[in-house]
Amino acid sequence: MKDYLVKALACEERVRVYICSSTHLVEKARQNFDLWPTSAAALGRTLSIGSIMGSMLKSEKEQLTIRINGGGPIGTILVDAYQDGHVRGFVSDPHIMLQYNDTGKLAVGTAVGTNGYLEVIKDLHMKENWSGTVALQSGEIGDDFAYYFTASEQTPSAVSVGVLVNTDNSIMAAGGLLIQMLPDATEEDIVKVEGIVSNMKHISTLLQENDSLEDILHSLFDDVKVLSTQDIEFRCHCEKATMKRVLTTLSKEERKQIIEEDHGCEITCNFCGEKYYFTEEELIDLERFLELHEKK
């Protein structure tokens, strides 16, 4: 199944549903950072829900950033999401492999931890960014986002995110499902959705067993109305000019040291792993430009 996202309504249009298949974009992230299984699962789950949340933005100029840190060994998970369907992200430690002893499943909750917060920052091109922060509930990502939507955005929600990792560490299936109650949802709708969620197979299993996201939706709800579909992908928009601006954040003494001792430098983008090399001559030209700018 290709990577894409579907927006739909159910329960006579009183319930909103988002579902995405993100196998290929999570695999690209895995390859970019040499992610081990638990790191891949944690980042992949966040990229999946990030794709869904990005699709909720109103314009291409807007973006949102998800930051998760629960004090666990994986460190920080950081994901940027955009309205056109692309996401990018990374984890502090890509080489985490932890499993639960009783089930053998990847121990994402242990890797992420619960001594910290999930923060969503939305750049809506207003005077100040909007942000919402909630305490982590389980570190398993899905539960934490369900709590975030309910507590921070006052929208009762069910979230299922999953990443299935193969024995060679490649990604077999990844995706996400978000079900939200709209203001006119009835008590019967809530009971119906709770029943669907409690009896539903894992999202990664559903992705393997079905040919399309639409098929999955029709298997869950008896009155699905598909609103739109959208391709999603892992894509970073870094460039050498951006990395040059990073160099300007260093002190003059630090830049001078790089020129005189290292005779050049290499900067790696945290979001995609792309490497940018600056020669000694390029660094000297940058220094001259900064000196001229300071004199004006």
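The following exercises, each with a worked solution, concern a predicted model.

**Exercise 1. The buried side of α4**

Task: Determine which residues of helix α4 are buried, and which elements are among those that cover them.

Solution. Begin with the extent of the helix: α4 comprises residues 142-152. Within this range, the buried residues are Gly 142, Asp 144, Phe 145, Ala 146, Tyr 148, Phe 149 and Ser 152. Next, consider what lies against them. The cover includes one helix, α2 (37-54). It also includes the strands β3 (63-69), β6 (117-123), β7 (130-135), β8 (157-165) and β9 (171-181). Finally, inspect the end of the helix: α4 is followed by Gln 154, which has a positive phi, near 50°.

**Exercise 2. Aromatic rings in α4**

Task: State how many aromatic pairs the model contains, and classify the pair formed by Phe 145 and Tyr 148 as well as the pair formed by Tyr 148 and Phe 149.

Solution. The count comes to 3 aromatic pairs. One of the pairs joins Phe 145 and Tyr 148, with 6.4 Å from centre to centre and 75° between the planes. Two rings pair if their centres lie within 6.5 Å, and planes over 60 degrees apart count as edge-to-face. The pair of Phe 145 and Tyr 148 is therefore edge-to-face. As to position in the helix, Phe 145 and Tyr 148 are 3 residues apart in α4, so about one helical turn separates them.

The step to the next ring follows the same procedure. The ring centres of Tyr 148 and Phe 149 are 5.3 Å apart and the planes stand at 65°, so this pair, too, is edge-to-face.

Now turn to accessibility. Phe 145 has a relative accessible area of 0%, Tyr 148 is at 0%, and Phe 149 is likewise at 0%. Buried means under 20%, so each of these residues qualifies. To conclude, Phe 145, Tyr 148 and Phe 149 form one aromatic cluster.

**Exercise 3. Charges over rings**

Task: Identify the ring over which the charged end of Lys 2 sits, and the ring whose face lies under Lys 240.

Solution. For Lys 2, the ring is that of Tyr 4, and the charged end sits 5.5 Å from the ring centre. For Lys 240, the ring belongs to Phe 278, with a distance of 5.0 Å to the ring centre. The cut-off is 6 Å from the ring centre.

**Exercise 4. The two largest pockets**

Task: Describe the volume and lining of the largest pocket and of the second largest pocket.

Solution. Take the largest pocket to begin with. Its volume is about 510 Å³. The lining consists of 19 residues, and those nearest the centre of the pocket are Arg 45, Lys 105, Leu 106, Glu 140 and His 202. Two or more residues come from each of α2, α4 and β8. Of the elements, β8 gives the most, with 7 residues. By class, the lining has 9 nonpolar, 6 polar and 4 charged residues.

The second largest pocket has a volume of about 200 Å³. Its lining includes Arg 16, Tyr 18, Met 53, Met 56, Lys 122 and Glu 153. The lining divides into 6 nonpolar and 5 charged residues, with no polar residue.

**Exercise 5. The cavity**

Task: Give the number of cavities of 30 Å³ or more, and establish which helices supply at least two residues of the lining of the largest cavity.

Solution. The count is 1 cavity, and the largest cavity has a volume of about 30 Å³. Its lining is made up of Leu 247, Arg 255, Ile 258, Ile 259, Leu 283, Leu 286 and Glu 287. The helices sought are α9 (252-262) and α10 (280-295). Sorted by class, the lining has 5 nonpolar and 2 charged residues, and no polar ones.

**Exercise 6. Two residues in their surroundings**

Task: For His 24 and Arg 67, find the element, the accessibility and the contacts beyond four places in sequence.

Solution. His 24 belongs to helix α1 (residues 23-33). Its relative accessible area is 48%, and His 24 is partly exposed. Its contacts are Met 1, Lys 2 and Asp 3.

Arg 67 lies in strand β3. With a relative accessible area of 34%, Arg 67 is partly exposed. It touches Thr 76, Ile 77, Leu 78, Tyr 117, Leu 118, Glu 119 and Ile 121. By contrast, the C-alpha atoms of Arg 67 and Asp 222 are separated by 36 Å.

Notes. Residues are numbered from 1 along each chain as its sequence is written. This is a predicted model: local features need pLDDT of at least 70, side-chain atom pairs count only at pLDDT 80 or more; totals for chains, interfaces and linings use all residues. Side-chain values use heavy atoms; hydrogens and water are left out. On a 1 Å grid over the protein atoms alone, a cavity is a set of points where a 1.4 Å probe fits but cannot get out, and a pocket is an open set with protein on both sides within 12 Å along at least five of seven lines; lining residues have an atom within 4 Å of a point. Grid points are joined across faces, edges and corners, and a volume is the space filled by probe spheres set on the points. Ala, Val, Leu, Ile, Met, Phe, Trp, Tyr, Cys and Pro count as nonpolar, Asp, Glu, Lys and Arg as charged, and the others, Gly among them, as polar. Buried means under 20% relative accessible area, exposed over 50%, partly exposed in between (1.4 Å probe, protein chains only). Contact means heavy atoms within 4.5 Å. Rings of Phe, Tyr and Trp (its six-membered ring) pair if their centres lie within 6.5 Å; planes under 30 degrees apart count as stacked, over 60 as edge-to-face and the rest as tilted. A charge sits over a ring if NZ of Lys or CZ of Arg is within 6 Å of the ring centre and within 35 degrees of the ring normal.
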